[in-house]
Amino acid sequence: MAIDSEKQVSSSDSTIVRIVDNIKKSDCDPWNYRGLELANGMLVVLISHPNIDKAAAALDVTIGSLADTRDVPGIAHFLEHMLFMGSSKYPGENEYSKLIEGNGGYSNAFTSGDHTNYYFDINPSLLPNALDVFAQFFISPLFAASSTDRELEAVNSEYEGNLFKDPWRIAQLEKSTSDIEHPYSGFSIGNTESLRITPKQRGIDIREVLLDFYRTQYSSNRMSLAVLGNQSLDELQSLVINSFKDVPNKKLKKPKYSPDPYGEKNRKTICYVVPVKENRHLSINWVIPDHRELYYCNPESYLSHLIGHEGDGSVLSYLKQLGLATELSAGDKNSAPGFNFFTVDMELTIEGLNRWEQVIYIVYQYFAMLRKEGPKEWIFDECKNINEMQFQFREKERPDDFVSNVAGRIRDYPLTECLSGCYEMREFRPDLINEVLNEYLIPSKMRVFLASKEFESIATEKEKWFGTQYKKEHLPNEFIQKCETCEIISELHLPKPNEFIPTDFHLFSKEKNSIRPQLPIKIKENEYYRLYYADDSFYNLPRAYLYFEFRNPLGYVDPIHFNMSTLYVELVEDSLTEFVYPAQLGGLQHELSAVNCGFQLSIYGYNHKIKQLLDTIIDRMVNIKLDAQRFENIKEKVKRALQNFRRDVPYQMAHFGVTYLTADHQWNKDELLSCIDGITMYDVESFIPRMLNRFYTDSLMYGNLTQNQAIEYMTLVEQKFQEKRFYQPLFPSMWFNQRELILPEGCNYAYTMLNDAHQLHAIEIYLQCFQQTLENNALLELFCHLVDEPCFNQLRTKEQLGYIVSAGARRSRGVQGFRVIVQSARELDYVNQRIELFIDSMREYIHKMPDELFKVQREGFMVKKVEVPKKMQSQGNKFWNEITNHQFCFNRPQLEVEIVKNFERNDLLRFYDHYISPHSIYRRKLALHVNPSLLAFKKPIAEIIAEEKNDELNTMIDKELLLNDGEERIQAETSITADIDHEAIKLTEQPVIIDDLIDKHLQETEQNLSTKEIKLPKVEWIDNIPIWKSKLSCYPVAQSYDKIDVPVLCKL
């Protein structure tokens, strides 16, 4: 227990009100912490350690989209985009990005309902400079008028990129059908209509709205700052005071919102929703109280632990027995000051969709059981122990993520608990648990959302912003009364005490605090398996990572066999749910998947009981008993996943398409879908022993375990299979590796795929280069490092081709090349031409790059290359990839950096001239186009889409695109929001700008790009893929870097 050292500061120090030096931290955490309250009301957490490789800072404002003005929805998010467009002290639009990105850093931001969070990381020596520039955005931002239209276009592109994603659509529907007087019912992301067209029609100046929002909502007493550096705490304190003491305190009240976002008339209702994908999803929602001030009691966590449990006696277990559901999750979400939600989400089977009322009734039967049993202190203590364990042994995050998270929760907890608060469960309050269960999670207060394609004929209503088809009805009173008086059944009961919670956290490694992770070594090899092992003396955590690849080509000989492999894996996973869920709660995870060479299994987490989980999983793989009903449900689930491929995000489809086209042997989704229906349970039952009869295992065991334990675990696997007379050695001719097709020199191939959901296009241009070697890898990666930022800046920021723009290396089956990906609303012929013009400009860009700039770029790449992953799992995955790729180059970063040191500009130019230049006769190009199909336009969509395609908007966009060609570069942002937290609008990497030298250099390169034309070789469209592939030869199998060839197999 830390000694209480919080102290008030004397009046002589007018900038600090309070210093807190007793912030609670993990016993394993070597970093030092200090809390501050500045005189202007800002709360600060300082984090210090002398050996960090990146400094970082984040500032969180406790205001977000819930504060949007009613007339201009999305203004909080738009302000987040605009804030970094210069300040009075640093007026250049890109001065911030020049400093951050030019010194090995990264910057980002996101907007949620009640928070807006800005953060960055940087070379530690530049932290003082960065803090000063960063602070000025909260003191005197410019909100440059010249940036307004361009950033508004970026916001709209972000909206369009999420327009046909079901989680976003259903989440917005839930908001739009809430109480229209409550700010929760708003449209948080914003788009062209909400931020340009409608304001213009009403005579509203959007920039004035932006300035007014900043003036009335941003204040230092709503801000929290977290700073990480290698300076001492006293030095960091001085830096923060100097930079942030002048942030104005407008003494704004702490925001608090009405406790009822739904409103009485919206309760006891159901919305039948038509999804984009083939899904059957049921969501039951309730408004519950905001208990953030009682965070240490956490009644929601207790209830979500039980309602979301997947073990014996749980809701999900019973629904699976009845064949009604396949997945379930439960918990609170989207909380804000004043209100919270509790949600139960389920994926239904076909039968579950037909009997959805029974599914809801069973949930209330479980609630009735909980009321009868009453809150149990032993369950609370179990949750408490799990949280304490997670806090004590949590892995380090990326510096920017860490400070962002800390800054975002500073005002939710006392400063002493800013690190531990979200893990605290120290006071058992059965009264609070009963209050939520008895007064809020009741039938008369629920809202239901049921999504299925089957509702297309009845869904006559349309949500305004995303165009989601739905029908809203009141639930029958008889059904509500039935749920209120449901009977208790024996199938639903409390879980047993969790035997998987670890108690032994002893570290085996004798060496501690090594400079870099220890490399794997091969400790055993025979005709059955090859075992690699690496001790951990770097992360010093009681965790282990076990990886297995069971190789047998039988599972990929045709689409039927690969479908059976997938079904087998899904059936094993389904049958394991009740047994492995307690292990997941205890910090042990596993992943089992079908791959083209067999199966892959990984088990990871706390090492104490990892052997027990390994034994359980292997036993189930060997001894699985199939159930006819479960089999049909799993087969239907696999079929839906295949059907949904043509509704995936377009750029993801393009990525798959290139991988498929360049593979010597790979089944496509249509081939797999065509034969899924004919597979029977008997087929899979007979397939399993044939698949497991003969295989070879590659394995890696990494972390807190000994060599003897690694061999013991491998022996356990071997014996489990051989008990069933499985696991004979693989014949040498069965050692099958995937090979990459060789694209012919001078080719310009293209292929088109159709997307049935998204009204956007996507293109991936792939320029195949050469096989992987250390020198080839280093050369390609350095080239990608140099052109990545200019590509994003030109195609995304300046030309606004689309929201998704990226450039980089593509590697597959031991072969690599350069690729550019763009997802766009524009026709792909035009996008292709713009990409080619950009590629053509890169020779001059590299050729004229000043020597100083080239050296800075090269050094920056080298620093990034050798950076050690912050998480132990990430390092384990890197080691495992070397094994599954059969290259075994575990010290690859160090070896490739030594090669990069000797690269000069001419090396890159020779590489460019041969492999990349549009004028090269040796260039090998494959372009994958994804276009909307007729089905993507079949369904009516919201009025907003029609309005955005009218003549007025097209004229406005055309004018802006022409203007953008001559404007200065702006700091651009890209969405990475991927989960159902639809209000967490996050950004990805921004343009890298080294210094004024690169600004001038890029301007010279780009000035004529918009008017230049380039003549390209005639496109050869691929029509019949099998015939096209049959005319191409293959690269050799990917070679090991460690002279480890085909292992010892069956001795003939």
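In this predicted model, E745 sits in the loop that joins α23 to β22 (748–755), where helices (H or I, at least four residues) and strands (E, at least two) are DSSP runs numbered from the N terminus. E745 is exposed, with a relative accessible area of 54%; the classes used here are buried for under 20% relative accessible area, exposed for over 50% and partly exposed in between, with a 1.4 Å probe and protein chains only. Apart from residues up to four places away in sequence, E745 touches I921, Y922, R923 and R924, contact being defined by heavy atoms within 4.5 Å. The C-alpha atoms of E745 and S87 are separated by 51 Å, and these two residues are 658 residues apart along the chain.

Residues are numbered from 1 along each chain as its sequence is written. Because the model is predicted, local features need pLDDT of at least 70 and side-chain atom pairs count only at pLDDT 80 or more, while totals for chains, interfaces and linings use all residues, and side-chain values use heavy atoms, with hydrogens and water left out.

The loop between α23 and β22 also holds Y727, a residue that is not a glycine and yet has a positive phi of about 70°. Y727 is buried, with a relative accessible area of 1%. A positive phi, near 60°, is likewise found in F888, which is a residue other than glycine. F888 belongs to the loop between α27 (872–884) and α28 (892–900), and F888 counts as buried at 4% relative accessibility.

Helix α23 (residues 707–722) itself packs against helix α18 (residues 610–623) at an angle of about 20°, with the axes 9 Å apart. Axes are lines fitted to C-alpha atoms, for helices over the stretch in contact, and the angles run from 0 to 180 degrees between N-to-C directions. The two helices α18 and α23 are therefore roughly parallel to each other, in a scheme where angles under 35 degrees count as roughly parallel, over 145 as roughly antiparallel, 65 to 115 as roughly perpendicular and the rest as oblique. The contact is made by I610, K611, L614, D615, I618, D619, M621 and V622 on the α18 side, and by E712, Y713, L716, V717, K720 and F721 on the α23 side. By class, these residues divide into nine nonpolar, no polar and five charged, with Ala, Val, Leu, Ile, Met, Phe, Trp, Tyr, Cys and Pro counted as nonpolar, Asp, Glu, Lys and Arg as charged, and the others, Gly among them, as polar.

Another helix pair has a different name and its own geometry: helix α17 (residues 559–585) and helix α22 (residues 681–693) pack at an angle of about 95°, with their axes 10 Å apart. Helices α17 and α22 are therefore roughly perpendicular to each other. From α17, the residues H561, M564, S565, L567, Y568 and L571 meet D683, V684, F687, I688, R690, M691 and L692 of α22. This contact of α17 with α22 has nine nonpolar, two polar and two charged residues.

Towards lower residue numbers, the axes of helix α4 (residues 145–162) and α6 come within 9 Å and cross at roughly 135°, which makes α4 oblique to α6. In this pair, D149, L152, E153, V155 and N156 of α4 meet T192, L195 and R196 of α6, and the contact divides into three nonpolar, two polar and three charged residues. N191 lies in the loop between α5 and α6 (192–201) and is buried, with a relative accessible area of 0%. Although N191 and N156 are 35 residues apart along the chain, their C-alpha atoms are separated by 4.3 Å. Helix α5 (residues 166–176) is mostly covered, since nine of its 11 residues are buried, among them W168, I170 and L173.Two spans carry annotations from an unreviewed UniProt entry. The record's "domain: Peptidase M16 C-terminal" covers residues 207–386, with positions given in the numbering used here, feature names shortened, and annotations that may be inferred rather than shown by experiment. That span is 40% helix and 23% strand, and its end C-alpha atoms lie 49 Å apart. N298 lies in the loop between β10 (281–288) and α9 (299–307), and N298 is buried, with a relative accessible area of 18%. Leaving aside neighbours within four places in sequence, N298 is in contact with E424 and M425. The annotation "domain: Coenzyme PQQ synthesis protein F-like C-terminal lobe", also from an unreviewed entry, covers residues 782–880. Over residues 782–880 the chain is 62% helix and 19% strand, with the end C-alpha atoms 24 Å apart.
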